[in-house]
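Biologist: Hi! I'm new to this one. Could you walk me through it?
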Amino acid sequence: MDLDALLRSRVVDVPDFPLPGVVFKDISPLLADHVAFAGAVDAVVAHHGRGTIDKVVGIEARGFILAAPVAYHFGAGFVPVRKPGKLPLATHEEQYSLEYGTNVLQVHQDAFAPGDRVLIVDDVLATGGTAAAAARLVETAGAEVVGLSVLLELEFLGGRVAFTEQQPGVDVHALLTY
Ligand code: AMP
């Protein structure tokens, strides 16, 4: 089985979670399969190439799981972007819109060295609001966003277009597209 087919077989659609009408893409079976998990991490590292990234940002919570091994294999540092109230030091924060209401993400103000080249990693790219907020945080903190890697992209929700409008020239990379 090739990597695309293996990864697809390990993503489960859960209808009406967490809200009616939403089809949640559960990646737990993919993470639990060591061949699929390692294959996904290796594919992200291979796409960008070692030596091109200084810091890998993981977005809470499932982004952490992927971003940390990617950072390790790059020889890069890991930076968490978190929900409010979780980071102990001075933070920058960004608000972004959801279908209903708003969310906030934070990063430590001292998370990056000036000019650090940053890859943002998350599990799912849907409307792109989360990734775009993370990218604004990276820039506010003085670093440069060079890439966004996600396990899966829900193309019909337009996240790639929305993210690229905000971050032209940033490489958007999805292992699976639905
Ligand atoms: P968005 O900001 O709309 O691109 O949403 C992306 C974030 O929401 C990611 O951090 C995902 O973990 C989560 N997410 C959005 N839609 C889904 C979905 N259908 N299945 C699983 N996670 C999702």
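Modeller: Happy to! One cut-off to begin with: a residue is called buried under 20% relative accessible area, exposed over 50%, and partly exposed in between. Also, this is a predicted model.

Biologist: Okay, so is D16 buried, exposed or partly exposed?
Modeller: D16 has 49% relative accessibility, so D16 counts as partly exposed. D16 is in the loop between β1 and β2, and its phi is positive, near 60°.

Biologist: What is usual for phi and for peptide bonds?
Modeller: Most residues other than glycine have a negative phi, and most peptide bonds are trans.

Biologist: Which residues does a cis peptide bond join here?
Modeller: F17 and P18 are joined by one, with omega about -5°. P18 lies in the loop between β1 (12-15) and β2. The bond from E60 to A61 is cis too, with omega near -5°, and A61 is in the loop between β3 (55-59) and α4 (62-74).

Biologist: Switching to the ligand: how many residues surround it?
Modeller: There are 13, and D122, D123, T127, G128 and T130 are the closest. The shell divides into 5 nonpolar, 4 polar and 4 charged residues. β2 (23-26), β7 (117-125) and α5 (129-140) each supply at least two of them.

Biologist: Which pocket does the ligand take up?
Modeller: The ligand occupies the largest pocket.

Biologist: And what lies 2.8 Å from an oxygen atom of the ligand?
Modeller: That's a polar side-chain atom of R62. A backbone N or O atom of A126 is 2.9 Å from a ligand oxygen, while a polar backbone atom of K25 is 2.9 Å from a ligand nitrogen. Alone, the ligand exposes 490 Å², and the protein buries 82% of that.

Key: Residues numbered from 1 in each chain as written. Predicted model: local features only at pLDDT ≥ 70, side-chain atom pairs only at ≥ 80, totals over all residues. Heavy atoms only, no water. Near = heavy atom within 4 Å. Polar contact = N/O pair within 3.5 Å; in protein donor to acceptor, adjacent residues only side chain to side chain. Areas by Shrake-Rupley, 256 points an atom, 1.4 Å probe, with all protein chains shown as cover. 1 Å grid on protein atoms, 1.4 Å probe; cavity = no way out; pocket = protein on both sides within 12 Å on 5 of 7 lines; lining within 4 Å. Sits in = over half its atoms within 2 Å of the grid points. Helix = DSSP H or I, 4+ residues; strand = E, 2+ residues; numbered from the N terminus. Nonpolar A, V, L, I, M, F, W, Y, C, P; charged D, E, K, R; others polar. Buried < 20%, exposed > 50% of the residue type's maximum accessible area, 1.4 Å probe, protein only.
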